[in-house]
Amino acid sequence: MKIVISSKSYYPLLGGSIVFASMLGKAFSRAGHEVIIITRTPGSCDNSTLPILRNSSFKELINLATSTDLVLQIDASWRDIIPFLARGVLWFPTVHRGKPAYSGLGIKQSLRLALESLGYRTGNTIGVADYVTKSWGLNTEPIPNPYDDEVFHPPDPSIERDIDVLFVGRVTRDKGVFLLLEALDALKKSVRLKRVAFVGIGPALEELQRDAKRFQDDFEILFPGLVDSYGVADWMKRSRVLAFPTTPDWLEASPLTPLEATACGCKVVAADIGGTRENVSPSHWMVKSGDVTALYKGLLAALEDPANEIDEPTLKFLSIPSLQNIATRYLERFQSAFESGVH
């Protein structure tokens, strides 16, 4: 098949949906399919093995559509998909977030949400979690988010886990970074911490760095900034516990970070928000979102857990969303649509 993957955002930007598009593109290509990425993001991607078309004109997309079998669209956009729909190309939009409530939205935002909902009812829509599917009222079975097990896997046993607590993600209040600082205040009284790391960037980074100075006599806090997937994996392989403290102000849909950390042998302590639970091992810790005390207790339990290896329930959990398994499920969904004549 000739598969076009449409993602408004792509490398050199970083983000969960960008990683998702790249992973599936490579997996489809390895399975023998022709894959092209289209995006509105300018720039270049030096390590890409896939052809990338950036900011293509309507005419260029129409021409591309004449030889395309299907489009997997990562970000909802009528502008990007209309040239393909005009040529009768199979359309598979994916949904990576919960549906917001109409209440409190302005007229323009409500119209945009209604058009997005219409698109999901029109296309062969795939939600990335049960939470997402139920939120949007989709009548198709979800396909979980994958993680790249060629990048995220346990380290060599000789590598020391010298980071006690790791945060990876967008540095914003709704991601819980300041909540984590409060939990660390309590944690330092109960357990000896050596190092904590916040990997990522965001509008709250400078404020977080200022607030974190209060720990300078207690333990080291590292701020590596923005790193690529391989760099993230390296930090996870050095860490004992990943904190994923999202607040109620952000509804996670199917976050990759807990999956990736688990695959690297981290223990995960995550806020129970949105679809996060679906991506956390049953052996790890879910805590009440926005609750400092619950986060502190979860981190303490994880740090005091004597287990050093990934246990059997976690291995079983990780086998389901491996990249090869998820790519196969997508290809089976595509083939089923072709056979049934669905458009």
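## Phe20 and its partner

Is Phe20 buried or exposed? Phe20 is buried, and its relative accessible area is 0%. Keep in mind as we go that this is a predicted model.

Searching the whole structure turns up 10 aromatic pairs. One of them joins Phe20 to Tyr330 in an edge-to-face arrangement, with 6.2 Å centre to centre and 70° between the planes. Phe20 belongs to helix H1 (residues 16-30) and Tyr330 to helix H12 (residues 323-340), so this pair ties together parts that lie 310 residues apart in sequence. Tyr330 counts as buried too, because its relative accessibility is 0%.

## A cluster of rings

Follow the ring pairs onward and a cluster appears: they link Phe20, Phe28, Phe92, Tyr330 and Phe334.

## Tyr120 and Trp136

Here is another aromatic pair to look at: Tyr120 and Trp136 meet edge-to-face, at 5.0 Å centre to centre and with 85° between the planes. Tyr120 sits in helix H4 (residues 107-122) and Trp136 in helix H5 (residues 130-136), so the pair links distant parts of the chain, 16 residues apart.

How accessible are these two residues? Tyr120 is buried, with a relative accessible area of 8%, and Trp136 is buried as well, with 10%. Both values fall in the buried class because that class covers anything under 20% relative accessible area.

## Charges over rings

Rings also meet arginine side chains in this model. The charged end of Arg173 sits over the ring of Phe178, at 4.1 Å from the ring centre. For Arg238, the ring beneath the charged end is that of Trp235, whose centre is 4.7 Å away.

Conventions
Residues are numbered from 1 along each chain as its sequence is written. This is a predicted model: local features need pLDDT of at least 70, side-chain atom pairs count only at pLDDT 80 or more; totals for chains, interfaces and linings use all residues. Side-chain values use heavy atoms; hydrogens and water are left out. Rings of Phe, Tyr and Trp (its six-membered ring) pair if their centres lie within 6.5 Å; planes under 30 degrees apart count as stacked, over 60 as edge-to-face and the rest as tilted. Helices (H or I, at least four residues) and strands (E, at least two) are DSSP runs, numbered from the N terminus. Buried means under 20% relative accessible area, exposed over 50%, partly exposed in between (1.4 Å probe, protein chains only). A charge sits over a ring if NZ of Lys or CZ of Arg is within 6 Å of the ring centre and within 35 degrees of the ring normal.
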